[in-house]
Amino acid sequence: MPPHALAHDDQGRIDLRSLDWDAFRALMVDEWGDSATRARRVFRHLWTQPFTSFEAIPNLALATRRMLEQRAYVPTLQTEQVIESEDGTTKFLWRCEDGAVIESVLIPDNDRLTLCMSSQVGCAMACTFCLTGDMGLKRQLKASEIAMQPLLVGLSLPPEKRIANLVLMGMGEPLHNLDNLVPALTLCMDDHGLNFGHRKITVSTVGLVPKMAELAAALPVNLAVSINATTEEQRRQIMPITRKHSLAELLDACRAFPLPSGKSILFEYVMLAGFNDADEDAVRLADLLEGIPSKINLIPYNENPDRDLRRPAPERVTAFQALLMQRGYFTKIRITRGIDVSAACGQLGKARQRNAAVSAPA
Ligand code: SF4
């Protein structure tokens, strides 16, 4: 890890949960002169246990504890709110050390649990259908703040339950924070810690084209692309990133993305009634993805009071799906989970803002 990526608190102590194993070892063993065995013991404790103090880590020499206390600290995320939906979705709102609030959503799918994680506070991409986009980018999440989401959710589960999949589809554009995302996901994959296989991790992007190749070079994780439109003009209307990186460029980057055999790119398509849900859109989408190993997720829009956008009727969604399937694409309709807890991207954060505005003194 380059030195600039070391995260500190205001007393200059190093954030130990932002260091992947190689960086952690380099710090504790090469720089501080401690043993590799003790370094591994501390690292393992930080990523498998709730942290209370360095005193609570078993079998550490007194000198090691003192050194850690002086030079390092272990951040956490405070649980602001946990909201369970009737469909089994659970939304976690976390308060970071600077007061910023981020969210993770735990989604059951048959007997598996998928955790949807945030990568930024707010987002700079300004997709018009997304409430997080209204916030703008407040700041990048540190590697520790990303990787602690599966750690803390995992620790809150009963012993018989485990998170099976991680998806970076929550608040933020993950590839806009690649410097912190890569160490965070390396931490998620470490077999002495969170131990997620790379096939269990999916990173979603709206199309930060140059960063897609960087991601592929750094980590062998799955890629999802939030495509949502089938012409340049249509995409520019709802996804401003298209002005910088066109749909054609994005699809070229998808074609060039190195995929292991048998793997495909997941294309997400938010369906907006009367805008991108016509048969012609389905045909164009099938044409655009020709030659790219693809799976498609259709996501009927999650209606909300902040947008005058409508979800298509169920028959329209299934007709759209049928056209794609006729063309040989594996196409799923994503049931919008957790509507009663505002689990769609950014909606609870927005609801909180609205309530705060209502209750704020004039
Ligand atoms: S959809 Fe994703 S990339 Fe677009 S504004 Fe929302 S959080 Fe950002």
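How many residues surround the ligand, and which are the closest? The shell holds 12 residues, the closest being Cys-123, Met-125, Cys-127, Cys-130 and Gly-133; a residue is near a molecule if its C-beta atom, placed from the backbone, lies within 6 Å of it.

This is a predicted model, in which local features need pLDDT of at least 70 and side-chain atom pairs count only at pLDDT 80 or more, while totals for chains, interfaces and linings use all residues. Residues are numbered from 1 along each chain as its sequence is written.

The protein is divided into domain 1 (3-73) and domain 2 (78-359), with bounds from an automatic or database domain assignment. Their centres, taken over C-alpha atoms, are 32 Å apart. Contact (C-beta atoms, placed from the backbone, within 7 Å) links 13 residues of domain 1 with 15 residues of domain 2. Helix H2 (residues 36-48) gives the largest share of the domain 1 side, five residues.

The table sorts two sets of residues by class.

| Set | Nonpolar | Polar | Charged |
|---|---|---|---|
| Side of domain 1 touching domain 2 | six residues | two residues | five residues |
| Shell around the ligand | eight residues | three residues | one residue |

Here Ala, Val, Leu, Ile, Met, Phe, Trp, Tyr, Cys and Pro count as nonpolar, Asp, Glu, Lys and Arg as charged, and the others, Gly among them, as polar.

Helices (H or I, at least four residues) and strands (E, at least two) are DSSP runs, numbered from the N terminus. In helix H11 (residues 279-288), Ala-282, Leu-285, Ala-286 and Leu-288 are buried, that is, 20 or more other C-beta atoms lie within 10 Å of their own (exposed: 12 or fewer), with C-beta atoms placed from the backbone. These residues are on the same side of H11 because they cover an arc of only 160° around the axis, taken from the directions from the helix axis to the C-beta atoms. They pack against helix H10 (247-256), strand S12 (265-271) and helix H12 (314-326). The face turned away from the buried side of H11 carries the exposed Asp-279, Glu-280 and Asp-287.

How values were computed: Two residues are in contact if their C-beta atoms, placed from the backbone, lie within 7 Å.
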